[in-house]
Structure formats: C-alpha cells, structure tokens
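Student: I am new to this structure and should like a close look at its salt bridges. Please take one of them as the starting point and work outward from there.

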Amino acid sequence: MPVLKIEEDTINFSYYKKDDVSFVKIYLDNLNGVRVTAHTDKSEEDVKAFLRKKKNWLDEKWKKLHLDLYTENKLKENAKIAYLGRKYRLNIEETTSKEPGFTFHKGKFKFTCPHSLSKNNREQNFTQLMENWLQKKAEEKFPQLHKGAVMENDLYRLGVKTDSAIYLNWRLVKRSKQEISKVIEDLKQEKTY
C-alpha cells in the first residue's frame, strides 16, 4: 500500500491502475480511507502529486465523515471529552507545579497547569496531553476487544486488516466498545462503505 507524507500527516492509500480511466479518481471509503484509480500510464509519483494538491479537500471530507472523531476539544471548564462512547466533563485546575498534567479519575478528566503558563501554551499542552492519553488508552483497549488489534496514527482511514494484525485509528477510542468492535468485524470481513 503506497504511503504519502505531507508535513505531519500520513496518507495510506490503495492504488488501482486501469486502462479505461483517463483521469485520476479519488474515492474516500468511509472505513478503509483513500482509494485512487488512475490510468496504467500514470506513475505513482504523479498520483502522489495529485493527492498533495487535494490534501485540503481530503482533510475536509474525511473529518466531515467522522465528525465524532475529529471534533476539537477546547480548553474550558466543564467541556466534554469523548472516551469509549461517553462524554466526560473536564475540570481545569491551576497549580504551583511546573508541568501540566492530564488525568481521568472518578468519571472526570482533569487538566492541571501552572499559573505561569500562557493561554496559548495551555491550549497546546492540553491538546497534546489529551491526545497522548487517548492514544495510550487506545493501545490498551484495542487488544482487549480483539487479539491482534493495534493502534495506528493514520488520519485517513478507520483501520486496515493485514495478515498479521488489524490496525485501528487511535481516534476510535472515542467511540463505544460496540462501535469499535463493529469496525473490527467489518475490517475482518474486508468490507467497504
């Protein structure tokens, strides 16, 4: 499967060559991500150049398909953060500690930050710590749902099945276990949507 890196983003895409296609076609499969069909004469580099041009379109369409996974969490008291199909409140606490922190305890998320941290730095730290926490939980929870399920950092697919594992987008940890299990089953059956 070809891979395209654009800045921090990775696009894994399926690439199909056909004689009867005169232009590059992009199809965004709701489960498996980006599928590209092009004429047999088109090189992989030409296809990658086309995908680079369409990066913003891909980003917009993918996030629109999966709003529940890509909704930005703003740093504000009592904001809601999705985890395993539920939304939990966020409490913010200023502390004298030098490092910010992010924890989950008794059904609430807690972000602690030093008094001296600027608003912009608070937002950045919050986003990074929250995403790191969710990724860690995805690494823990996915194998519990299916032996061989592994977390991946792919933005443009929910997952992929290989001979050795099922790779799942870490953001799926925001959905319920039942919904994650359905994605796993669909990947095992090699469905497309």
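Tutor: The side chains of lysine 182 and aspartate 186 meet in a salt bridge, with N and O 2.9 Å apart. The model is a predicted one, and the distances quoted here are computed from it. Both residues belong to helix H5, which covers residues 177-188. Because lysine 182 and aspartate 186 are 4 residues apart in that helix, about one helical turn separates them. Aspartate 186 has a relative accessible area of 3%, and since buried means under 20%, aspartate 186 counts as buried. The pairing does not end with two residues: salt bridges that share partners join Lys182, Asp186 and Lys191 into one network.

What allows such pairs to form? Side chains of opposite charge can pair when their charged atoms come close.

The structure holds 14 salt bridges, and two others may be set beside the one in helix H5. In one of them, glutamate 93 pairs with lysine 110, at 3.1 Å from N to O. Glutamate 93 lies in strand S6, residues 86-95, while lysine 110 lies in strand S8, residues 108-114, so this salt bridge ties together parts that are 17 residues apart in sequence. Glutamate 93 is partly exposed, at 33% relative accessibility, and lysine 110 is also partly exposed, with a relative accessible area of 32%.

The other salt bridge links glutamate 72 with lysine 74, and their closest N and O atoms are 3.4 Å apart. Here glutamate 72 has 63% relative accessibility and therefore counts as exposed. Its partner, lysine 74, is partly exposed, with a relative accessible area of 49%; the limit for exposed is over 50%, which is why lysine 74 falls in the class between.

One further acidic residue deserves attention, now for a polar contact. Aspartate 29 is placed in strand S3, which spans residues 25-29. Its relative accessible area is 0%, so aspartate 29 is buried. A polar atom of the aspartate 29 side chain lies 2.7 Å from the backbone nitrogen of leucine 31. If neighbours within four places in sequence are left aside, aspartate 29 is in contact with Arg35, Trp62, Thr192 and Tyr193.

To return to the starting point, the salt bridge between lysine 182 and aspartate 186 lies within helix H5, and through shared partners Lys191 belongs to the network as well.

Notes:
Residues numbered from 1 in each chain as written. Predicted model: local features only at pLDDT ≥ 70, side-chain atom pairs only at ≥ 80, totals over all residues. Heavy atoms only, no water. Salt bridge = Lys/Arg side-chain N within 4 Å of Asp/Glu carboxyl O. Buried < 20%, exposed > 50% of the residue type's maximum accessible area, 1.4 Å probe, protein only. Helix = DSSP H or I, 4+ residues; strand = E, 2+ residues; numbered from the N terminus. Polar contact = N/O pair within 3.5 Å; in protein donor to acceptor, adjacent residues only side chain to side chain. Contact = heavy atoms within 4.5 Å.
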